[in-house]
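Subject: A structure to look through

Dear colleague,

I am handing over the structure below, and I would be grateful if you kept it open while you read my notes on it.

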Amino acid sequence: MKVAEVSKTLLSRLGVSIGATNGANGTSFNLLSRSNFLNQLLGAASLASRSGRHALALDAQTDDGLIRLLAEPNIMAISGQEASFRSGGKIFIPVARRNDTTGGSTITLEEKEFGVGLQFKPTVLSGGRINLRVAPEVSELQQTGSPFSTVDGMTSILPSFTLRRAETTVQLYDGQSFMIAGLIQSKAASTMNRFPGLGDIPVLGALFRSTEFQNDKTELMFVITPRLVKPLPPNQPLPTDGYVDPSLPDLHLGGDIEGDRQRGAGGGFATK
């Protein structure tokens with residue numbers, strides 16, 4: 001089973017903020033001021049000029065992001081028997097439940113798993129065909145959660161997940177592959193704030209406009225390959241067999257976290 005995903009993000013922002021303050025009565029005026037745009041952008045280039053009661057700020061930002069995800073879980077099952085595999089973690093989400101005895105509400109913790117999961121049931125048919133019912137799943141925690149207000153008026157953040165799941169049944173021969181699911185998704189969003197009239201003036205109107213453009217693209221696919229397997233020999237090498245514990249001179253003087261394999265085989269440093 002192979003899961004391949006590429007996600008690309010492009011963000012471009014350009015904005016101007018013009019403000020004026022009246023010292024006599026303490027009133028202020030802001031033109032195209034965006035609270036989350038001028039002061040809370042990490043990595044934004046900012047130019048500000050303040051003279052007395054007048055202020056001019058210019059912000060510009062361009063972000064490019066690329067995420068690549070590749071998972072390749074392998075699992076074995078007897079014909080006609082169901083098997084499952086999961087690699088990841090779990091978190092506990094607080095959930096409010098009504099208490100029928102007291103009439104109030106209690107907070108309980110609900111378990112939520114995330115990671116790479118695979119569940120399938122193979123059946124070997126005549127002629128070497130393999131009937132395979134498969135349900136892969138890939139989930140991960142988002143960097144930003146979902147805010148909500150609690151009973152006391154406090155704002156808390158609940159974790160949010162990105163989930164990709166497929167479920168289908170296919171018939172293949174030994175070693176053949178099928179792409180059981182694929183996704184090409186493209187989202188584009190653009191916003192513009194401008195001062196009426198002044199923002200429509202050619203060239204100079206850019207000083208009275210604030211624009212933002214974001215483009216997200218995602219490509220995802222699931223590929224499965226069933227194989228008829230045989231038992232391994234008793235002396236099948238493992239990936240951990242090649243590791244050799246470093247000696248004290250190698251660790252402290254040489255800065256090596258793994259010993260020499262040839263010397264480890266002769267000096268007894270190898271572990272089993």
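The chain, which is a predicted model, has a secondary structure of three helices and 13 strands. Of its 272 residues, 22% are buried, and the accessible surface of the chain comes to about 19,300 Å², with 54% of that area belonging to carbon and sulfur atoms. If you take the contacts in the chain with a separation of 6 or more, you will find that 62% of them are between residues 24 or more positions apart.

A good place to begin is strand S7, which covers residues 129-141 and pairs with strand S6, residues 105-124, in the antiparallel sense over ten bridges. Within this pairing, Phe120 stands opposite Val134 of S7. The hairpin that S6 and S7 form has four residues between the strands, and in it Gly127 takes a positive phi near 80 degrees.

Which other strands does S7 join by bridges? One is strand S11 (residues 168-173), which runs antiparallel to S7 and is joined to it by six bridges; here Asn131 has Gln171 in S11 as its bridge partner. Another is strand S10 (residues 161-165), again antiparallel, with five bridges to S7, and in this case Glu140 has Thr162 in S10 as its bridge partner.

Further along the chain comes strand S12, residues 178-194, where Ile184 is found. Is Ile184 buried or exposed? Its relative accessibility is 76%, and because exposed means over 50%, Ile184 counts as exposed. Leaving aside residues up to four places away in sequence, Ile184 touches Thr218 and Glu219. You may also like to locate Ser7, which lies 177 residues from Ile184 along the chain, while the C-alpha atoms of the two are separated by 9.9 Å. As background for reading any such strand, please keep in mind that in a regular strand the side chains alternate between the two faces of the sheet.

Finally, please look at the loop between S12 and strand S13 (209-224), which is the place of Ile201. With a relative accessibility of 35%, Ile201 counts as partly exposed, because that value falls between the 20% limit for buried and the 50% limit for exposed. Together with Phe195, Leu198, Val203 and Leu204, Ile201 makes a nonpolar surface patch of about 450 Å².

With kind regards

Terms used: Residues numbered from 1 in each chain as written. Predicted model: local features only at pLDDT ≥ 70, side-chain atom pairs only at ≥ 80, totals over all residues. Heavy atoms only, no water. Helix = DSSP H or I, 4+ residues; strand = E, 2+ residues; numbered from the N terminus. Buried < 20%, exposed > 50% of the residue type's maximum accessible area, 1.4 Å probe, protein only. Contact = heavy atoms within 4.5 Å. Areas by Shrake-Rupley, 256 points an atom, 1.4 Å probe, with all protein chains shown as cover. Pairing = 2+ DSSP bridges. Patch = residues over 30% accessible without salt bridge, like charges linked within 9 Å, V, L, I, M, F, W, Y side chains within 5 Å. Salt bridge = Lys/Arg side-chain N within 4 Å of Asp/Glu carboxyl O.
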